[in-house]
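Opened the model today and went through it piece by piece. Here are my notes, in the order I looked things up.

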Amino acid sequence: MGQTPVGIVDIERYSPSRFLSAAEMSTLSGVPEQVLIEKFGLYGKHIARVDEHVTDMCIAAAQPLMERNDAGAIDAVVYFGSHWKDYLVWQAAPKIQHALGIEGFALEAVNVSAGAPVALKLCRDMLSSDENLRSILLVGASKESHLLDYANPKGRFMFNFGDGAVAVLLQRDCASNEVLGSSLLTDGSFSEHVRVAAGGSANPTTLQTVESGMHVLELFDGEEMKRRLDPITMKNFIKVARQALDRSGKSVADIDLLIPLHTKRSLHDDLLTEFGLTPEQGVYLDHYGHMSAVDPLFGLSLARDEGRLSDGDIILLLAAGTGYTWAATVIRWGSA
């Protein structure tokens with residue numbers, strides 16, 4: 001007996017109104033504008049207001065879905081966005097659920113930048129296996145641009161961090177826009193290379209940690225991380241992609257559209273080449289940047305609105321996040 005199909009009923013995205021151009025980023029960072037455009041793959045990105053938090057952005061992304069769909073048929077809200085939320089040691093999902101008037105339960109599945117394929121797998125598995133669940137609202141947002149210090153050379157890997165949100169309504173017994181197979185792979189030996197140095201139990205907040213600027217996201221021992229990560233990154237992307245396709249009854253030759261997280265332009269191009277795809281078969285967020293877990297589903301919403309999706313298209317969502325986890329999920333757009 002086959003698994004109960006789970007499909008995407010609706011999807012929306014949200015971008016803050018403030019747009020920070022590559023020229024402005026160049027002034028802040030000292031990195032030439034053309035380097036930001038050509039190597040970082042960034043013409044600019046959206047930046048949240050100081051008083052605009054991940055819950056606000058999730059609610060803004062989800063509101064149009066709520067106007068088009070029956071809130072009473074939604075049984076759960078799952079937040080999969082950034083760890084950096086309105087408050088520390090706090091869940092965003094219950095606040096979002098309450099604001100949208102949804103009954104049922106709320107939970108969080110936060111896996112940093114690898115989060116979108118992971119969250120889709122978790123929600124698909126829950127809906128497929130539990131006949132008491134009809135639909136789940138999956139929401140994610142990132143405001144990590146506010147963790148960025150352009151003057152700190154150890155933060156250069158974050159220069160593409162932008163802000164935004166996405167909301168996805170998933171439904172049981174839905175064969176349209178069906179979520180198919182997934183694959184996840186983690187190498188925990190990279191677990192401590194990227195982190196906020198202070199504020200957790202290992203290094204609690206003190207006056208000294210604040211004055212020393214230890215509450216921003218930093219890369220530790222970056223040369224060692226690069227030395228070990230570069231030889232395996234593409235290999236692991238390909239591994240999870242092929243496994244997810246195989247579990248979906250598909251192959252690399254079936255891919256119609258690749259939607260990865262935002263990376264440097266060269267890596268994006270290399271991924272297209274590895275899968276035998278043309279530039280037109282990739283979604284690249286060069287006007288949005290990297291929004292933690294949000295990217296692949298944000299890109300899916302963008303592709304839909306740009307008319308890039310056709311009935312029967314096989315879409316590969318691909319992501320990786322510090323920790324270090326690689327993840328892939330396959331979607332068949334339209335009807336079976």
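Before the entry on His 98, a word on naming: helices here are DSSP runs of H or I with at least four residues, numbered from the N terminus. By that naming, His 98 sits in helix α4. I also note that this is a predicted model.

**Entry 1: His 98**

I asked whether His 98 is buried or exposed. His 98 counts as exposed because its relative accessible area is 69%, and the cut-off for exposed is over 50%. I then checked its distance to Lys 45, which is 53 residues away along the chain. The two C-alpha atoms are 30 Å apart.

**Entry 2: Met 25**

Lys 45 came up again when I turned to Met 25, a residue of helix α1 (residues 22–29). Met 25 has 0% relative accessibility, so I put it down as buried. Its C-alpha is 9.5 Å from that of Lys 45, with their positions 20 residues apart in sequence. What does Met 25 touch, leaving out residues up to four places away in sequence? I found Leu 20, Gly 30, Leu 36, Leu 42, Lys 45, Tyr 150 and Phe 159.

**Entry 3: helix α3**

Next I looked at α3, which runs over residues 54–68 and has 15 residues. From first C-alpha to last it reaches 22 Å, close to the 21 Å expected. I still found a bend of about 35 degrees at Ala 62. A proline, Pro 64, follows within four residues of that bend.

Which residues of α3 are buried? My list is Val 54, Thr 55, Met 57, Cys 58, Ile 59, Ala 61, Ala 62, Leu 65 and Met 66. I kept in mind that an α-helix has 3.6 residues a turn, so residues three or four places apart point the same way. The buried residues of α3 pack against strands β1 (6–14), β4 (76–79), β6 (135–142) and β7 (164–172), and also against helix α4 (93–100).

**Entry 4: the loop between β4 and α4**

I picked two residues in this loop, Trp 84 and Val 89. Trp 84 is partly exposed, because its relative accessible area is 32%. Setting aside neighbours within four places in sequence, I see Trp 84 in contact with Val 54, Lys 143, His 146 and Leu 147. Val 54 is also among the buried residues of α3. The C-alpha atoms of Trp 84 and Ala 141 are 9.6 Å apart, for a gap of 57 residues along the chain.

Val 89 counts as exposed, because its relative accessibility is 88%. Its phi is near 50 degrees, which is positive in a residue other than glycine.

**Entry 5: more backbone checks**

Asp 173 also has a positive phi, near 55 degrees, and is not a glycine. I place Asp 173 in the loop between β7 and β8 (178–186). With 55% relative accessibility, Asp 173 counts as exposed.

I then found a cis peptide bond from Gly 323 to Tyr 324, with omega near 10 degrees. Tyr 324 lies in the loop between β12 (314–321) and β13 (325–332).

**Entry 6: the second largest pocket**

Last stop was the second largest pocket, with about 180 Å³ of space. How many residues line it? I get 14, and those nearest its centre are His 268, Gly 282, Val 283, Tyr 284 and Asp 286. Helix α8 (residues 265–274) gives the largest share of the lining, with 4 residues. By class I note 6 nonpolar, 3 polar and 5 charged residues in that lining.

Note on methods. Residues are numbered from 1 along each chain as its sequence is written. This is a predicted model: local features need pLDDT of at least 70, side-chain atom pairs count only at pLDDT 80 or more; totals for chains, interfaces and linings use all residues. Side-chain values use heavy atoms; hydrogens and water are left out. The expected span of a helix is 1.5 Å times one less than its number of residues. The bend at a residue is the angle between axes fitted to the seven residues ending there and the seven starting there. Buried means under 20% relative accessible area, exposed over 50%, partly exposed in between (1.4 Å probe, protein chains only). Contact means heavy atoms within 4.5 Å. On a 1 Å grid over the protein atoms alone, a cavity is a set of points where a 1.4 Å probe fits but cannot get out, and a pocket is an open set with protein on both sides within 12 Å along at least five of seven lines; lining residues have an atom within 4 Å of a point. Grid points are joined across faces, edges and corners, and a volume is the space filled by probe spheres set on the points. Ala, Val, Leu, Ile, Met, Phe, Trp, Tyr, Cys and Pro count as nonpolar, Asp, Glu, Lys and Arg as charged, and the others, Gly among them, as polar.
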